[in-house]
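The following exercises concern a single protein chain. Each task is followed by a solution in steps.

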Amino acid sequence: GINAEYGRRSPISRVLLNKPARVRGPYVVYRLADQDISDDIVAVRQIVAAKRLVRQRRHLNSVGSGDNRTARFEDGKLFYEGQWFTVGSAVMIDKPGASPIYAKISAINTGEVWVRRWDDTRTKLYISQLQRGRCTIRHDTSIR
């Protein structure tokens, strides 16, 4: 330990620090040249950088970076792709791979839009889903 009186290590701890670690059982000692170690470090860094780049590309693709749409909450209304939607608006919601949903908007707030389907069930749409293109919403012009 450190001798508090003089602020230096005691001779006993100095001996313990200089002793090599004891290893039981068989062990292998590798002796590599400095150039080999440097080459390995460079290779590891390149692999890590490549994985990071792949991860970033995958994230950008999942977010739909080039396919953002305009969707925002303003004054109690939803502004989406140049159209205003208010509570009570009849809408049609399209989701990829699903049949269209016909509903009426029952609530709008800063992060989500609640719609009531014609069978009286409620569904929540996140505004971020509209922005990313996970689903689209448009006015339902058919009379229901």
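**Exercise 1. Classify Asp120 as buried or exposed, and describe its backbone.**

Step 1. Asp120 counts as exposed because its relative accessibility is 56%. The classes are buried (under 20% relative accessible area), exposed (over 50%) and partly exposed (in between), with a 1.4 Å probe and protein chains only.

Step 2. Asp120 is placed in the loop between E8 and E9. Helices (H or I, at least four residues) and strands (E, at least two) are DSSP runs, numbered from the N terminus.

Step 3. The phi angle of Asp120 is near 75°, a positive value in a residue other than glycine.

Step 4. Before proceeding, note the basis of these values: the model is predicted, local features need pLDDT of at least 70, side-chain atom pairs count only at pLDDT 80 or more, and totals for chains, interfaces and linings use all residues. Residues are numbered from 1 along each chain as its sequence is written, and side-chain values use heavy atoms, with hydrogens and water left out.

**Exercise 2. Locate Glu81 and state the sign of its phi angle.**

Step 1. Glu81 belongs to the loop between E4 and strand E5 (83-85).

Step 2. Its phi is positive, near 50°, and the residue is not a glycine.

Step 3. With a relative accessible area of 45%, Glu81 is partly exposed.

**Exercise 3. Determine which elements contribute to the largest nonpolar core.**

Step 1. A nonpolar core is a set of buried Ala, Val, Leu, Ile, Met, Phe, Trp, Tyr and Cys residues joined through side-chain atoms within 4.5 Å. The largest one has 17 residues, of which Leu78, Ile93, Ile105, Val113 and Ile137 touch the most other members.

Step 2. Two or more residues come from each of strand E4 (77-80), strand E6 (90-94), strand E7 (101-108), strand E8 (112-117) and helix H3 (127-132). E7 gives the most, with four residues.

Step 3. For the surroundings of Ile105, apply the contact rule (heavy atoms within 4.5 Å). Not counting residues up to four places away in sequence, Ile105 touches Phe85, Thr86, Val87, Gly88, Ser89, Val91, Val113, Trp114, Val115 and Ile137.

**Exercise 4. Compile the contacts of Ser106 and Lys124, and give their separation.**

Step 1. Ser106 is in strand E7 and is partly exposed, with a relative accessible area of 29%. Apart from neighbours within four places in sequence, Ser106 contacts Val87, Trp114, Val115, Arg116 and Arg122.

Step 2. Lys124 is in strand E9 (residues 122-126) and counts as partly exposed at 31% relative accessibility. With neighbours within four places in sequence left aside, Lys124 contacts Glu112, Val113, Trp114 and Gln129.

Step 3. Ser106 and Lys124 are 18 residues apart in sequence, and their C-alpha atoms are 9.9 Å apart. Between the C-alpha atoms of Lys124 and Ala107, 17 residues apart along the chain, the separation is 9.3 Å.

**Exercise 5. Find how many salt bridges there are and identify the partners.**

Step 1. The criterion is a side-chain nitrogen of Lys or Arg within 4 Å of a carboxyl oxygen of Asp or Glu. The count is two.

Step 2. One salt bridge joins Glu74 and Arg72, at 2.9 Å from N to O. Glu74 is partly exposed, at 29% relative accessible area, and Arg72 is partly exposed at 36%.

Step 3. Another salt bridge joins Asp94 and Arg138, at 3.6 Å from N to O. This pair links distant parts of the chain, with Asp94 in strand E6 and Arg138 in strand E10 (residues 136-139), 44 residues apart. Asp94 is partly exposed at 22% relative accessibility, as is Arg138 with a relative accessible area of 43%.

**Exercise 6. Classify the geometry of the aromatic pair.**

Step 1. Rings of Phe, Tyr and Trp (its six-membered ring) pair if their centres lie within 6.5 Å; planes under 30 degrees apart count as stacked, over 60 as edge-to-face and the rest as tilted. The structure holds one such pair.

Step 2. The ring centres of Phe79 and Trp84 are 4.8 Å apart and the planes lie at 55°, so the pair is tilted.

Step 3. Phe79 counts as buried, at 16% relative accessibility, whereas Trp84 counts as partly exposed, at 36%.
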